[in-house]
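Reader: I am in my first year and still learning to read structures. Please take me through the strands of this one closely, and then through the rings and side chains packed around them.

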Amino acid sequence: MSRNECHAPSQRLRSLRRMRMNRPSNIALRCRCGRVRGVASHVSPSSGFRLICYCGDCQAFARFLERRDVLDPAGGTDVLQMPPARVKLTAGADALRCLQLSEKVLRWYSDCCRTPIANTAATTRFPMLGLVHCFMDHEADGRARDEALGPPLCRIYARSAIGSLPPNAPPPPSLAIFTRRASMLLGWRLRGLNRPTPFFDDLTKAPRAVPRVLTQSERAGF
């Protein structure tokens with residue numbers, strides 16, 4: 001048996017694993033208590049953009065919700081950026097609430113159990129939202145997060161980290177990463193995947209919950 005023949009089975013196994021990872025699937029969504037439920041469709045490592053965000057607003061959001069368990073030891077949040085039209089809520093939409101920590105971003109959570117759900121732009125024009133990892137029910141999906149989403153492609157705002165980055169922290173964004181993300185955003189926009197979105201009214205385009213804006217003292221407390 002030749003050397004190439006010896007390596008053929010392992011190569012086929014690796015190829016099958018790659019094909020399985022890149023096969024789009026649906027991922028169940030649920031808050032901690034199960035009242036808010038939904039589904040993210042057509043999800044694969046090549047159809048979304050996973051990253052770890054260490055920005056101060058993500059950290060303030062987790063502290064506001066009293067959900068520090070959402071953060072990694074350095075204060076990072078695991079986020080999957082994907083088109084809004086591929087996210088649907090099937091139950092509990094009346095429990096949606098949102099927080100506005102900056103002019104352009106709304107941070108959505110469940111009022112029932114204070115589970116962070118997603119970050120969106122403040123309007124429906126932007127063709128992307130960021131699903132927070134704890135709203136994705138990978139146990140129901142039957143696949144590990146890395147298998148379903150692929151590994152995080154990069155980290156952002158690492159200067160705002162509250163501790164040493166984990167040994168397995170992804171690299172900072174490169175030009176190739178920025179180019180890939182820009183290409184995804186353009187494709188989603190051209191295909192009209194910015195709408196419909198479960199977080200905005202289809203007719204009025206207004207947020208489905210009135211954004212809560214923290215006062216300076218509240219913000220300082222969080």
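Author: Start with the open sheet. In this predicted model, three strands make up an open sheet, in the order β1-β2-β5, with antiparallel pairing. Which strands stand at the edges? They are β1 (25–30) and β5 (87–91). Each has a single partner strand, so one side of each is left without a neighbour in the sheet. From one strand to the next, the twist averages 25°.

Now look at one pairing. β1 and strand β2 (residues 37–43) run antiparallel and are joined by five bridges. Take Arg 30 as an example: its bridge partner in β2 is Arg 37.

Next comes strand β6 (residues 96–102). Five of its seven residues are buried, so β6 is largely enclosed by the rest of the structure. What joins β6 to β7? A hairpin does, through two residues. The two strands run antiparallel, with five bridges between them. Leu 96 stands opposite Ser 110 in β7. β6 also pairs with β11, this time in the parallel sense, over two bridges. There, Gln 100 has Val 213 in β11 as its bridge partner.

Strand β7 leads to the rings. A pair of aromatic rings is described by the distance of the centres and the angle of the planes. The structure holds four aromatic pairs. One of them is Phe 64 with Tyr 109, an edge-to-face pair at 5.8 Å centre to centre and 75° between the planes. This pair links distant parts of the chain. Phe 64 is in helix α2 (residues 56–64) and Tyr 109 in strand β7 (residues 105–110), 45 residues apart. Are these two rings buried or exposed? Phe 64 is buried, with a relative accessible area of 4%. Tyr 109 is buried too, at 6% relative accessibility.

Another pair is Trp 108 with Phe 200. It is also edge-to-face, at 6.2 Å centre to centre and 65° between the planes. Trp 108 lies in strand β7, while Phe 200 lies in the loop between α5 (175–190) and β11 (212–213). The pair therefore ties together parts that are 92 residues apart in sequence. Trp 108 has a relative accessible area of 0% and is buried. Phe 200, at 2%, is buried as well.

Go back to Phe 64 for a moment. Ring pairs link Phe 61, Phe 64 and Tyr 109 into a cluster. Arg 114 lies over the face of Phe 64, at 5.0 Å from the ring centre.

Phe 200 has a further contact to follow. Thr 124 touches Phe 200, and also Asn 194, Arg 195, Thr 197 and Lys 205, not counting residues up to four places away in sequence. Thr 124 sits in the loop between β8 (116–121) and β9 (129–132). It counts as buried, at 8% relative accessibility.

Last, the nonpolar cores. How many residues does the largest nonpolar core have? It has 27. Those with the most contacts inside it are Met 82, Trp 108, Ile 117, Leu 131, Phe 135 and Phe 199. Leaving aside neighbours within four places in sequence, the contacts of Met 82 include Ala 40, Ser 41 and Val 43. Also among them are Val 87, Leu 131 and Trp 188. Another core lies apart from the largest one. This other core has 14 residues, among them Phe 49, Val 79, Met 128 and Trp 188.

Note on methods
Residues are numbered from 1 along each chain as its sequence is written. This is a predicted model: local features need pLDDT of at least 70, side-chain atom pairs count only at pLDDT 80 or more; totals for chains, interfaces and linings use all residues. Side-chain values use heavy atoms; hydrogens and water are left out. Rings of Phe, Tyr and Trp (its six-membered ring) pair if their centres lie within 6.5 Å; planes under 30 degrees apart count as stacked, over 60 as edge-to-face and the rest as tilted. Helices (H or I, at least four residues) and strands (E, at least two) are DSSP runs, numbered from the N terminus. Buried means under 20% relative accessible area, exposed over 50%, partly exposed in between (1.4 Å probe, protein chains only). A charge sits over a ring if NZ of Lys or CZ of Arg is within 6 Å of the ring centre and within 35 degrees of the ring normal. Contact means heavy atoms within 4.5 Å. A nonpolar core is a set of buried Ala, Val, Leu, Ile, Met, Phe, Trp, Tyr and Cys residues joined through side-chain atoms within 4.5 Å. Two strands pair if DSSP finds at least two bridges between them. Axes are lines fitted to C-alpha atoms, for helices over the stretch in contact, and angles run from 0 to 180 degrees between N-to-C directions.
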